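Student: Please take me closely through one part of this model, namely its aromatic side chains and the charged groups that accompany them. I would like one connected account, with the cut-offs behind each term.

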Amino acid sequence: MSRIVGLLRRTFGIVREYVGTDHFGNKYYSIPEQKTWTGRQVRAKRMVEAANPAEYEYLEGNIPIEWEAWIRGRRKEPPSIEELMTNESQRNEIKLKAMELEEKDLALQAKEHEEGLVATPARTVAKGHASAAVFGKEELSEEPTSTANKFQPGSWMPTSKK
């Protein structure tokens, strides 16, 4: 019987089992372990069918963390809807707490600046881009400079003979 099923799988393509869908509309499938016509074992695979299949429109976070862990084999069972909702609400609570803490910190910094406990940060205006070899320089220097992978040799002026 398994040979007939294997023959049908090879003839009509890979049989994939539907596992679930996330709130973005992505569909998740599992392909069970099977044998090829030569008798070689093909290990089980997990895959996702994206709701928005255009590769250039993919954004980080289009696959929930829990589903990504299942696809990569870090967890055996796919996540339940209840688990996804609980984790999402916890993440939102953490974001709100972080925003509140940041607002409190900014208010405290402003108060300390007003009271003179902390010096105000220096605001400098720089011309050009930091990755440029001549960033912040107005004139040629006799010293060589290096920024990342670019080397700018120093200028050379002949010495006067006396």
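Tutor: Of the 162 residues in the chain, 13% are buried, where buried means under 20% relative accessible area, exposed means over 50%, and partly exposed lies in between, with a 1.4 Å probe and protein chains only. This is a predicted model, in which local features need pLDDT of at least 70 and side-chain atom pairs count only at pLDDT 80 or more, whereas totals for chains, interfaces and linings use all residues. Residues are numbered from 1 along each chain as its sequence is written, and side-chain values use heavy atoms, with hydrogens and water left out.

As a frame for the close look, the chain has three helices and seven strands, arranged along the sequence as α-β-β-β-β-β-α-α-β-β; these elements are DSSP runs, helices being H or I with at least four residues and strands E with at least two, numbered from the N terminus.

There are three aromatic pairs in the structure, a pair being rings of Phe, Tyr and Trp (its six-membered ring) whose centres lie within 6.5 Å, with planes under 30 degrees apart called stacked, over 60 edge-to-face and the rest tilted. One of them joins Tyr 18 and Tyr 29 edge-to-face, with 5.8 Å from centre to centre and 70 degrees between the planes. Tyr 18 belongs to strand 1 (residues 17–21) and Tyr 29 to strand 2 (residues 27–31), so this pair ties together parts that are 11 residues apart in sequence. Tyr 29 has 11% relative accessibility and therefore counts as buried.

Another pair, between Tyr 28 and Trp 67, is stacked, its centres being 4.0 Å apart and its planes 5 degrees apart. Here the link is between distant parts of the chain, since Tyr 28 sits in strand 2 and Trp 67 in helix 2 (residues 65–71), 39 residues apart. Tyr 28 is buried at a relative accessible area of 0%, and Trp 67, at 2% relative accessibility, is also buried. Together with Trp 70, Tyr 28 and Trp 67 form one aromatic cluster.

Returning to Tyr 29, we meet a charged group: the charged end of Arg 16 sits over the ring of Tyr 29, 4.1 Å from its centre, a description that requires NZ of Lys or CZ of Arg within 6 Å of the ring centre and within 35 degrees of the ring normal. Arg 16 also forms a salt bridge with Glu 49, with 3.1 Å between the closest N and O atoms; the term covers a side-chain nitrogen of Lys or Arg within 4 Å of a carboxyl oxygen of Asp or Glu. Arg 16 lies in the loop between helix 1 (2–12) and strand 1, while Glu 49 lies in strand 5 (residues 45–49), so the salt bridge ties together parts that are 33 residues apart in sequence. Arg 16 is partly exposed at 36% relative accessibility, and Glu 49 is partly exposed at 33%. Thus Arg 16 takes part in a salt bridge with Glu 49 and has its charged end over the ring of Tyr 29, which is itself buried.
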